[in-house]
Amino acid sequence: GAININYTKVDYCPSANLVYSLTEKTNIRMSYSKTLNRPEYRELANFGFPEYLSGFFVSGDSTLKRASINNYDVRYEIFPGRAQLLSVSAFHKTITNPIEFSTSSFYASEARYVQSKSATISGAEVEFRVLLSTLFARRNEKSLLNNFTLSGNGTITRSLVTVGNASSDSITSRPLQGQSPYIINFALSYAGDSSGLSSTLSLNRIGRRLAIAGSNILPEFFDKERTVIDFQIAKTFLDSKVEVKFNARDLLAQDIITYLDFDKSRTLTEKDKIFTKNKAPRIFIFSLSIKM
């Protein structure tokens, strides 16, 4: 029959930001905010349904509550010149009642959405955006290197979850489901002012992450680390009224692998078992757009 849920909760979500300019080209930013993560309809459903990506038969829980998150950030910024940036930041998040995806029966391929007592996420990030002309000390305004921008960011994160339901006193801990320990992004972009030609080559690497949480008895499922390289080139004609664009996505086409961490090392070893292994496709897209 129908599931009727009548749940009312009033939340105040304050935020504050402070920017202090040390010089004309340097800032210190500090911020705080409170955010919410409300359960989706399928996470509240008291019935099972097949989950396409994981292959598990999944059940929700109508007693799930919204998760509340306190976010703390501090950031140091340097602006070396035109359209350029260098920043270093640190962040910390505290989560009450995080909602996660967890196995309930490995042998029956059953999983469910659960609510742990609390979680914390801490980390640091480095971000930069610089013109190639600056890197190679070419100060000529007409230098071709002024049209190239190198950008990137890297994040290191440590997450910790107190396992058990919201009223539990469990002290068992593990990484937060879905949180990668590191993320790396690089991009090299070209933009020609008069030629109408633009192009971007980008790289993204994400570390292994907990795909499906386990328990003291059931093993955990991890998504293996993976690197993605994309390329795009576009050219405009007739005063930008016509644009021709070519996209190449996932040029490396590394396999998408989820494995069972039997030895609890959290890295793929000979003792672990591959749960799913999907061949990632290389995707090529050619498009033509006309503005009337």
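Here are three short exercises with worked solutions on the structure above.

This is a predicted model, in which local features need pLDDT of at least 70, side-chain atom pairs count only at pLDDT 80 or more, and totals for chains, interfaces and linings use all residues. Residues are numbered from 1 along each chain as its sequence is written, and side-chain values use heavy atoms, leaving out hydrogens and water.

**Exercise 1: aromatic pairs**

Find out how Phe101 and Tyr113 are arranged, and where they lie.

Step 1. Start with the rule: rings of Phe, Tyr and Trp (its six-membered ring) pair if their centres lie within 6.5 Å; planes under 30 degrees apart count as stacked, over 60 as edge-to-face and the rest as tilted. By this rule there are nine aromatic pairs.

Step 2. For Phe101 and Tyr113, the centres are 5.3 Å apart and the planes make 35°, so the pair is tilted.

Step 3. Now place the rings on strands (DSSP runs of E, at least two residues, numbered from the N terminus). Phe101 belongs to strand β7 (residues 99-105) and Tyr113 to strand β8 (residues 110-115), 12 residues apart.

Step 4. Check burial (buried means under 20% relative accessible area, exposed over 50%, partly exposed in between, with a 1.4 Å probe and protein chains only). Both Phe101 and Tyr113 are buried.

**Exercise 2: the surroundings of Glu77**

Describe where Glu77 sits and what its side chain meets.

Step 1. Glu77 is part of strand β5 (residues 67-78).

Step 2. Its relative accessible area is 5%, so Glu77 is buried.

Step 3. Look for a polar contact (a pair of N or O atoms within 3.5 Å; within protein, one must be able to donate a hydrogen and the other to accept it, and residues adjacent in sequence count only if both atoms are side-chain atoms). The side chain of Glu77 makes one with the side chain of Arg29, at 2.9 Å.

Step 4. List the neighbours in contact (heavy atoms within 4.5 Å). Leaving out residues up to four places away in sequence, those that Glu77 touches include Lys25, Leu85 and Ser87.

**Exercise 3: positive phi**

Is Lys264 buried or exposed? Work through its backbone angle too.

Step 1. Most residues other than glycine have a negative phi.

Step 2. Lys264 is not a glycine, yet its phi is positive, about 60°.

Step 3. Lys264 lies in the loop between β18 and β19 (273-278).

Step 4. With a relative accessible area of 55%, Lys264 is exposed.

How values were computed:
Helix = DSSP H or I, 4+ residues; strand = E, 2+ residues; numbered from the N terminus.
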